[in-house]
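Me: I would like to learn how to read a structure like this one, feature by feature. Could you take me through it slowly, giving the general idea before the case at hand?

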Amino acid sequence: MFSKFIELDYEVTLFINGLSGNFPILDLLVQITASDYLMPVSFCLVLFFLWFSGNVISQRNNNQKVVLSGILSIGLGNLLVLCANLVWNRPRPFLVLENSINLSFYRPTDPSFPINPVVIGISLSYIIYMQDKSLGITVFLLSLLMGFARIFVGVSFFSDLLGALLFGIISGLISIWIRKNCENVFSCFIKIAKGFGLAG
Amino acid sequence: MVFLMCLGVLQISVSRSGIKGLWLTKSGFFNRCLAVILIVIGPTYFFVQPIFGFDISCFGNGVIGCFSKTLSMDEIGFARNINDFDGGIAGAQQAIWFSLAALLSICVSAVSGAFVTGLHSSKLNNEAYGLAMLSYSSYTTTLNRSVKFVWKNCKTNFSGLI
């Protein structure tokens, strides 16, 4: 059963990766999307935007608490990825399927499972969705786009993307639970930031 | 790249929420236009720079000398996709650089906002502090009042934490 799942995973990965190498401009755009700089920075910029947005103080306060939850979820997401890497040090597709994969990216040395930036993006999108549905869906779609880009360039499997979805949702749920139970801590942090004229 | 994008995103956010103390210009419309330009220029310069070998530090040598290098389509994608060990930026480093860039963008906006709102505000709401006060006041005035307000109400503000 598991071997069949792995075979299916390889087939889907090779199918998506097989789309690369046909249109240079598409390859270039996907490489930029899969890079370590564009999407992770974009996710952080969404949080930066949320901190200052809101016409009313109460709305801004809620947004700022969402941002703090988001920062917490980033830490939790990275922790979950670290735990996953300790349990399963999965080699990258270009090591497992070296003759079949069309690699158009640098060779990462960390484990393939799960896709780290996608975990962060999914957890952020889950938290942001609770406050602003359209923005949450946007971040979710960007995260998925990055996941597919990583498969396209040959550095991740399709199941790595599925794992990232799962870990992202778990990280988001834990962050929301912590926020509900530690509301005072979040409020105090915002009051300190208000003291510096940067919140409220 | 990050500084320009942070500045642009900040301007869109504060233009929408009316926080004039952080505006770059006196007009909300021009602010948004400028923000879009900054958000586009940042990543464009970052990803295009290796293609043309354009380096802002080479202005002194003449503009022609700056466009000395060209890359093929295959090489363009790899220009900015490099491993941490080969010159890329690790995740923790990215977090530090992003934080610094965000802080710098707030500082630049606070300085320009001081000229937008006037260095001293004549309309002071006794109850407002923090970002709410930045809607009509400069950052220095806001900071002064906010620190005093939080310090004065220290026990009330943080009793929930204790």
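**Reading the model step by step**

Reply: Read along the sequence, chain A follows the pattern α-α-α-α-α-α-α-α-α, and this belongs to a predicted model. Counting elements is a plain way to begin, and chain A has 9 helices and 0 strands.

Me: What are the dimensions of the box that the C-alpha atoms of chain A fill, and what share of the residues in chain A is buried?

Reply: Taken along the principal axes, the box filled by the C-alpha atoms of chain A is roughly 60 × 35 × 25 Å. Of the 200 residues in chain A, 50% are buried. One can also ask how far apart in sequence the contacting residues are: among the contacts in chain A with a separation of 6 or more, 77% join residues 24 or more positions apart.

Me: How should I read the packing of two helices, and at what angle do H4(A) and H6(A) pack?

Reply: One looks at the angle, then the distance between axes, then the residues that meet. Helix H4 (57-87) of chain A and helix H6 (residues 116-131) of chain A pack at an angle of about 155°, with their axes 9 Å apart. Angles over 145 degrees count as roughly antiparallel, and H4(A) and H6(A) are therefore roughly antiparallel to each other. Their crossing is right-handed.

Me: Which residues of H4(A) and H6(A) meet, and how do they divide by class?

Reply: From H4(A), the residues that take part include Asn62(A), Val66(A), Gly70(A), Ile74(A), Gly77(A) and Val81(A), while those from H6(A) include Asn116(A), Ile120(A), Leu124(A), Ile127(A) and Gln131(A). By class, this contact of H4(A) with H6(A) has 9 nonpolar, 9 polar and no charged residues.

Me: How many residues of chain A and of chain B are in contact?

Reply: For an interface, one counts the residues on each side and then asks which elements supply them. Here 37 residues of chain A are in contact with 40 residues of chain B. On the side of chain A, the elements giving two or more residues are helix H2 (24-34), helix H3 (38-52), helix H4 (57-87) and helix H9 (183-195), and H3(A) gives the most, with 8 residues. By class, that side of chain A has 21 nonpolar, 11 polar and 5 charged residues.

Me: Is Leu95(A) buried or exposed?

Reply: The count of neighbouring C-beta atoms decides this, and 12 or fewer within 10 Å makes a residue exposed. Leu95(A), found in helix H5 (residues 93-96) of chain A, has 11 other C-beta atoms within 10 Å and is therefore exposed. Leu95(A) and Arg107(A) are 12 residues apart in sequence, and their C-alpha atoms are 9.5 Å apart in space.

Me: And is Gly42(B) buried or exposed?

Reply: Gly42(B), which lies in helix H2 (residues 28-52) of chain B, counts as buried because it has 22 C-beta neighbours inside 10 Å. Leaving out residues up to four places away in sequence, Gly42(B) touches Met1(B), Leu4(B) and Met5(B). The C-alpha atoms of Gly42(B) and Ala102(B), 60 residues apart along the chain, are separated by 14 Å.

Me: Which domains does the assignment give for chain B?

Reply: The domain assignment gives domain 1 (2-117) and domain 2 (119-162) of chain B. Their contact takes 9 residues from domain 1 and 11 residues from domain 2, and the side of domain 1 that touches domain 2 has 4 nonpolar, 4 polar and 1 charged residues.

Methods:
Residues are numbered from 1 along each chain as its sequence is written. Chains are lettered from A and ligands numbered from 1 in the order in which they are written. This is a predicted model: local features need pLDDT of at least 70, side-chain atom pairs count only at pLDDT 80 or more; totals for chains, interfaces and linings use all residues. Two residues are in contact if their C-beta atoms, placed from the backbone, lie within 7 Å. Helices (H or I, at least four residues) and strands (E, at least two) are DSSP runs, numbered from the N terminus. Ala, Val, Leu, Ile, Met, Phe, Trp, Tyr, Cys and Pro count as nonpolar, Asp, Glu, Lys and Arg as charged, and the others, Gly among them, as polar. Axes are lines fitted to C-alpha atoms, for helices over the stretch in contact, and angles run from 0 to 180 degrees between N-to-C directions. Angles under 35 degrees count as roughly parallel, over 145 as roughly antiparallel, 65 to 115 as roughly perpendicular and the rest as oblique. A crossing is left-handed if the near helix is turned anticlockwise from the far one by less than a right angle, and right-handed if clockwise. A residue is buried if 20 or more other C-beta atoms lie within 10 Å of its own, exposed if 12 or fewer, and partly exposed in between; C-beta atoms are placed from the backbone. Domain bounds come from an automatic or database domain assignment.
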